Amino acid sequence: MPAEGAMGAGSANGSAGAPIETDAVIIGAGPVGLFAVFELGLLDMKTHVIDILDKVGGQCAELYPEKPIYDIPGLPIVTGQELTDRLMTQIKPFGPTFHLGQRVDALERLGEGRFRLTTDSGTQFITKVVVVAAGGGSFTPKRPPLAGIEAYEGTSVFYSVRRIEEFRGKDVLIVGGGDSALDWVLNFSPSPTG
Ligand SMILES: Cc1cc2nc3c(=O)[nH]c(=O)nc-3n(C[C@H](O)[C@H](O)[C@H](O)COP(=O)(O)OP(=O)(O)OC[C@H]3O[C@@H](n4cnc5c(N)ncnc54)[C@H](O)[C@@H]3O)c2cc1C
């Protein structure tokens, strides 16, 4: 988990043991979850952050680390990864603990205003505050229904653009008609052809 190490925040693996008691648990380490660490930290609250991904940053780090973003107040232009790195720097003083590669599967209300969360690794948390910063949900690619497509994934079939350079000079077919598709047409131009 290089992001945590580099930023000095704590990280924990998914071994099941005694429940972790904490002030607040944040589900999702996307930009909203990371900034929640800052806001709760200002209130002197200790936070644990859980994400199914193996890194922090949510969509920004997973789906478009190199794409420029133009609509962040105070940052005229920043990439998805730079925004993530800046958020990690901003929350470093509050020392959050990250539990990456774990999906929150259960949330139960206990007595006295407390909650218990359980992840798919069996880690349990007891907390008074739960922040759901799950964005569009946990990530799994929507595979087109083509037999054998798995064999091409990572070589000629991609579900996100991690490194723009990998596509330089190549013919690229973008499948999809949403905002992201148009975003990548603009950002690829004129690097690849097609
Ligand atoms: C290609 C693309 C380009 C974009 N460009 C822009 C842009 O230029 N400007 C802009 O403002 N926005 C842009 N967006 C949208 C922006 O990325 C999202 O609005 C933003 O990431 C939402 O932040 P978030 O923290 O709420 O959620 P997310 O970034 O979705 O993070 C939520 C996190 O929660 C985790 N999670 C969910 N459920 C669970 C669970 N049960 N257990 C554990 N973890 C869980 C997920 O794994 C994820 O990491 C873009 C989106 C895409 C896909």
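## Starting from Leu34

Let's begin with one residue. Leu34 touches Ala29, Val56, Leu87, Met88 and Ile91, leaving aside residues up to four places away in sequence. Touching here means that the C-beta atoms, placed from the backbone, lie within 7 Å.

Leu34 also belongs to a bigger group: together with Val25, Ile26, Val37, Val49 and Val56, Leu34 has the most contacts inside the largest nonpolar core, a set of 25 residues. Such a core is made of buried Ala, Val, Leu, Ile, Met, Phe, Trp, Tyr and Cys residues joined through C-beta atoms within 7 Å. At least two core residues come from each of β2, α2, β3, α3, α4 (80–91) and β6 (97–100). Buried means that 20 or more other C-beta atoms, placed from the backbone, lie within 10 Å of a residue's own; 25% of the 194 residues in the protein are buried.

## How far to trust it

This is a predicted model, where local features need pLDDT of at least 70 and side-chain atom pairs count only at pLDDT 80 or more, while totals for chains, interfaces and linings use all residues. Residues are numbered from 1 along each chain as its sequence is written.

The pLDDT, which is the predictor's confidence in each residue from 0 to 100, averages 88 over the protein, and 89% of the residues score at least 70. Residues 1–8 fall below 50, and this stretch has 15 contacts in the model beyond near neighbours in sequence.

## Helices and strands

The protein has five helices and nine strands. These are DSSP runs numbered from the N terminus: helices are H or I with at least four residues, strands are E with at least two.

Take β9 (residues 124–132) as an example. Strand β2 (residues 20–27) runs parallel to β9, joined by seven bridges, and Ala24 has Val129 as its partner there. On the antiparallel side of the story, β8 (residues 115–119) shares four bridges with β9, with Phe115 opposite Thr127. For two strands to pair, DSSP must find at least two bridges between them. The β8–β9 hairpin has four residues between its strands, and Gly122 takes a positive phi near 90°.

## Around the ligand

Which residues come nearest to the ligand? Of the 30 around it, they are Gly28, Gly30, Val32, Gly58 and Gly135. A residue counts as near if its C-beta atom, placed from the backbone, lies within 6 Å.

At least two shell residues come from each of α2 (31–42), β3 (47–51), α3 (58–62) and α5 (179–188).

How values were computed:
Two residues are in contact if their C-beta atoms, placed from the backbone, lie within 7 Å. A residue is buried if 20 or more other C-beta atoms lie within 10 Å of its own, exposed if 12 or fewer, and partly exposed in between; C-beta atoms are placed from the backbone.
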